[in-house]
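Please open the structure in your viewer and keep the selection panel at hand. The tour below proposes what to select at each stop and then describes what is found there.

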Protein chains: 2
Amino acid sequence: MYKILVVDDEENIREVIREYAEFEGHEVDEACDGMEAVEKAKETDYDIIIMDIMMPKLDGYLACKEIRKFKQTPVLMLSARGEEYDKLFGFELGIDDYVVKPFSPKEVMARVNAIVKRNAASAAPAPASSDVEKFEGLEINFVSRDVFIDGEKANLTPKEYDLLFYLVRNKNIALTRNKLLEEVWGYDFFGDDRTIDTHIKMLRNNLGPYRKFIVTLRGLGYKFEA
Amino acid sequence: MYKILVVDDEENIREVIREYAEFEGHEVDEACDGMEAVEKAKETDYDIIIMDIMMPKLDGYLACKEIRKFKQTPVLMLSARGEEYDKLFGFELGIDDYVVKPFSPKEVMARVNAIVKRNAASAAPAPASSDVEKFEGLEINFVSRDVFIDGEKANLTPKEYDLLFYLVRNKNIALTRNKLLEEVWGYDFFGDDRTIDTHIKMLRNNLGPYRKFIVTLRGLGYKFEA
DNA sequence: ATTCACAGTGAGGAAATTATGAACATTGCC
DNA sequence: GGCAATGTTCATAATTTCCTCACTGTGAAT
């Protein structure tokens, strides 16, 4: 039996997870925003915290960061794709795993079990996939979410970061527009294909001389070629 | 391509989903109540079942429960707003997601894709049907969509890529013009046969010395011979 | 050698696709 | 509320690619 804290502003989600967790014999507390989560985490020793990213008052990242100041409770993040997806890899925050919506409670609890078990065994967090990449004068730091162009820090918007990060993580792989929409915007984005073009354009503009790494694959999509 | 079972007592709903799903290239079966759904699920291995909750004879929950006795096929539930939301996650039933009416078929299919993909990811590790092929100095990379000729990158148009890729994927197989038209151009192309010749010509020109791999089968079509 | 059905080629207009700029919408913040 | 930044849509311009078609080349059968 674990003590679990479920943090989400949507009651439905909390309810759903609570039911399944209790069904499996765990004890569940709830909080509906980051502030409340931090307080509860301070008072009580949970085995794991399941937390949404998108919340009022204090979002998942910040709440996690705050909690880390006094405790190492494992955290499982819930997120929709397209929610600055890459921040999830913020291992410096000590996020142990994440689940992308739509999830089944079954899946969530499977991960909870895996995390708690792993945590009990050792204290090692998840493995990171290289934190920085460099292509000539273009430097990308996935952890700090920074992009440097010839040493100068680029000022990208969140979508631009996400798009660039996804492209770079899949460098030298031909990516269709659909794939990009699905992975960067999220499965629940029902907008126009051409939105990608616009973001690619802005990204290219921001990359200056290194725009060359983003190649157009006519009739298909794009590719980061390095 | 997925095999999908759509279960709903309203024909309109079934029809709408079927059309969209088939448009995306999936194969669709229908059932109009729970009983029929259980039977069909028993006979056939579907990739996913899309099922309404409210149905005559046997409702969605019970049908799902019944199916679970012999199979783990993922289930996406359709529900009208206000239909006891939390029951939806009768998790012990292993419902994977739900969509509330009124829904767009696009949304339904987006979730179907998410679920099936997730399900496939946990089952099989990697597909890997050789990502690159090399014939002497001709190197073809299906993943990065690159073609190298003696180390130099060839600049092919989309159709040329498609044509070459298809030929290579079916190397040493005689391909008729009709087959090529159907597979590379698509079933909805009603143009001239000779269009192929033109593209073959361009492809050959682009392949330089390796044009030799594309052989003409007089009276039949072409073949990539290696 | 001749024939003739089929394949190869070149060029121009048609069609498809991408790039871009600006309008419009949304979000977060003061 | 109003502002500023970001994200999305859309119309248009700029390219690139495709398709058709007429003509030329070729090979196998007679």
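The stops that follow take in the DNA surfaces, then the sheets, and then a pair of helices in each chain.

Before selecting anything, bear in mind that this is a predicted model.

**Stop 1: around DNA strand C**

Select DNA strand C together with the 19 residues that surround it, among which A:D197, A:T216, B:D197, B:K201 and B:T216 are the closest. If you then colour by secondary structure, look for α7 (194–207) of chain A and α7 (194–207) of chain B, each of which supplies at least two residues of the surface near this strand. Colouring by residue class instead will show ten charged, six polar and three nonpolar residues on the surface near DNA strand C.

**Stop 2: around DNA strand D**

Move the selection to DNA strand D, which has 22 residues around it, with A:T157, A:G191, B:T157, B:K159 and B:G191 coming nearest. Here the elements giving two or more residues to the surface are α5 (158–169) and α7 of chain A, along with α5 (158–169) and α7 of chain B. By class, the surface near DNA strand D divides into nine charged, eight polar and five nonpolar residues.

**Stop 3: the sheet of chain A**

Hide the DNA and select the strands β6, β7, β8 and β9 of chain A, which form an open sheet in that order with antiparallel pairing. Because β6 (132–135) and β9 (152–153) of chain A stand at the edges and have a single partner strand each, one side of each is left without a neighbour in the sheet. As background to what the viewer draws, strands of a sheet pair through backbone hydrogen bonds, either parallel or antiparallel.

Now narrow the selection to β6(A) and β7 (residues 138–141) of chain A, which run antiparallel and are joined by four bridges. Two of the residue pairs can be picked out by name: A:E133 stands opposite A:I140 in β7(A), and A:V132 has A:N141 in β7(A) as its bridge partner. The two strands form a hairpin with two residues between them, and A:E136 in the turn has a positive phi of about 50°.

**Stop 4: the sheet of chain B**

Select β6, β7, β8 and β9 of chain B, where four strands form an open sheet in that order, with antiparallel pairing. In chain B, β6 (132–135) and β9 (152–153) stand at the edges with a single partner strand each, so one side of each is left without a neighbour in the sheet.

Work through this sheet one pair at a time. Four bridges join β6(B) to β7 (residues 138–141) of chain B in the antiparallel sense, and B:V132 can be found opposite B:N141 in β7(B). The next pair, β7(B) with β8 (residues 146–149) of chain B, is antiparallel over four bridges, and B:E139 has B:F148 in β8(B) as its bridge partner. Four residues lie between the strands in the hairpin of β7(B) and β8(B), where B:R145 takes a positive phi near 60°.

Keep B:F148 selected for the following step, since this residue also stands opposite B:K153 in β9(B). The strands β8(B) and β9(B) pair in the antiparallel sense over two bridges, and their hairpin has two residues between the strands, with B:D150 taking a positive phi near 50°.

**Stop 5: helices α2 and α3 in each chain**

Which angle separates the axes of helix α2 (residues 34–43) and helix α3 (residues 60–68) of chain A where they cross? The axes come within 9 Å and cross at roughly 20°, and α2(A) and α3(A) are therefore roughly parallel to each other. Their crossing is right-handed. To display the contact, select A:G34, A:A37, A:V38 and A:A41 of α2(A) with A:G60, A:L62, A:A63, A:E66 and A:I67 of α3(A). The residues of this contact comprise six nonpolar, two polar and one charged.

Finish in chain B, where the axes of helix α2 (residues 34–43) and helix α3 (residues 60–68) come within 9 Å and cross at roughly 20°. That angle makes α2(B) roughly parallel to α3(B), and α2(B) passes α3(B) in a right-handed crossing. For the last selection, take B:G34, B:A37, B:V38 and B:A41 in α2(B), which meet B:G60, B:L62, B:A63, B:E66 and B:I67 in α3(B); the contact divides into six nonpolar, two polar and one charged.

Terms used:
Residues numbered from 1 in each chain as written. Chains lettered and ligands numbered in written order. Predicted model: local features only at pLDDT ≥ 70, side-chain atom pairs only at ≥ 80, totals over all residues. Near = placed C-beta within 6 Å. Nonpolar A, V, L, I, M, F, W, Y, C, P; charged D, E, K, R; others polar. Pairing = 2+ DSSP bridges. Axes fitted to C-alpha atoms, helices over the stretch in contact; angles between N-to-C directions. Parallel < 35°, antiparallel > 145°, perpendicular 65-115°, else oblique. Left-handed = near helix turned anticlockwise from the far one by under 90°. Contact = placed C-beta atoms within 7 Å.
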